[in-house]
Amino acid sequence: MSDLVPIFIVWIVFYYTYKLIGLYARRKERLLMIEKMNVVGDLELPDKDVLKRSFTALRVGCLLIGVGVGLLIGIMVQTMLVSAGYDMNQWPERKLFEMALTACVLLFGGIGLLVSYPLERKFFPPQKD
């Protein structure tokens, strides 16, 4: 198997070099096609502010709010588990504490991302043709 490693490395380098060159060639072809269509007038490009709309800040903000709420609720669940008599230092129960915190963070982070979608639709409704 060790004899094949240099062959695979050379193959991978050439393959990705070929793909990269092809990517740039196709990009140039597409740009030429777009320019040709604009000259003829077949293609109407959308407004520039429609293309500039980015919801990254909204999505990240909703995600972080969800993660924060998940951490808060996870800590509350852990506190309730400790008050119910579970010992955090024993191995099986430690897994319970870790799972409670992780599940809350992931659940509420996902809910935060799901909340961002209707907000995007509310503030910028889809364009009708």
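1. Let's start with Glu-120, a residue of helix 4. Setting aside residues up to four places away in sequence, Glu-120 touches Phe-55, Leu-58 and Arg-59; contact here means heavy atoms within 4.5 Å. Glu-120 is buried, at a relative accessible area of 8%. For that scale, buried is under 20% relative accessible area, exposed is over 50%, and partly exposed is in between, using a 1.4 Å probe and protein chains only.

2. A word on what you're looking at. This is a predicted model, in which local features need pLDDT of at least 70, side-chain atom pairs count only at pLDDT 80 or more, and totals for chains, interfaces and linings use all residues. Residues are numbered from 1 along each chain as its sequence is written, and side-chain values use heavy atoms, with hydrogens and water left out.

3. Which residue meets Glu-120 in a salt bridge? Arg-59 does, with 2.8 Å from N to O between the side chains. The pair links helix 4 (residues 91–123), home of Glu-120, to helix 3 (residues 56–83), home of Arg-59, so parts that are 61 residues apart in sequence are tied together. The rule asks for a side-chain nitrogen of Lys or Arg within 4 Å of a carboxyl oxygen of Asp or Glu, and by it the count comes to one salt bridge. Side chains of opposite charge can pair when their charged atoms come close. The two partners sit in unlike surroundings: Glu-120 is buried, while Arg-59 is partly exposed at 40% relative accessibility.

4. Now the overall layout. The protein has four helices and zero strands, and from the N terminus the elements read α-α-α-α. Helices (H or I, at least four residues) and strands (E, at least two) are DSSP runs, numbered from the N terminus. Of the contacts with a separation of 6 or more, 65% involve residues 24 or more positions apart.

5. Helix 3 deserves a look of its own. Its 28 residues, at 1.5 Å a residue, should span 40 Å, and the end C-alpha atoms are 40 Å apart, which agrees; the expected span is 1.5 Å times one less than the number of residues. Which residues of helix 3 are buried? They are Cys-62, Gly-66, Gly-70, Gly-74, Gln-78 and Leu-81. Just after helix 3, Gly-85 takes a positive phi of about 105 degrees.

6. Back in helix 4, follow Cys-104. Leaving aside neighbours within four places in sequence, Cys-104 is in contact with Gly-70, Ile-73 and Gly-74. Cys-104 and Gly-74 are 30 residues apart in sequence, yet 5.4 Å apart in space from C-alpha to C-alpha. Cys-104 is buried at 12% relative accessibility.

7. Ser-116 is another residue of helix 4. Is Ser-116 buried or exposed? Ser-116 counts as buried, with 2% relative accessibility. Apart from neighbours within four places in sequence, Ser-116 is in contact with Leu-58, Arg-59 and Cys-62. Leu-58 and Arg-59 should ring a bell, as Glu-120 touches them too.

8. On the cysteines: how many disulfides does the structure hold? Zero, where a disulfide would be a pair of cysteine sulfur atoms within 2.5 Å. Cys-62 is buried at 11% relative accessibility.

9. The loop between helix 3 and helix 4 holds Met-88. Met-88 is partly exposed, with a relative accessible area of 39%. Not counting residues up to four places away in sequence, Met-88 touches Gln-78, Arg-94 and Phe-97. Met-88 and Gln-78 are 10 residues apart in sequence and 9.0 Å apart in space, C-alpha to C-alpha.

10. Finally, the surface. The protein exposes about 11100 Å², and carbon and sulfur atoms supply 69% of that area; accessible areas come from the Shrake-Rupley method with a 1.4 Å probe, and for residues only the protein chains shown count as cover. Buried residues make up 12% of the 129 residues. Leu-4, Ile-7, Phe-8, Trp-11, Ile-12, Tyr-15 and Tyr-16 form a nonpolar surface patch with about 750 Å² of accessible area together. Patches are made of residues with over 30% relative accessible area and no salt bridge; like charges are joined within 9 Å, and nonpolar side chains (Val, Leu, Ile, Met, Phe, Trp, Tyr) within 5 Å. Tyr-15, one of the patch residues, lies in helix 1 (residues 5–40) and is partly exposed at 33% relative accessibility.
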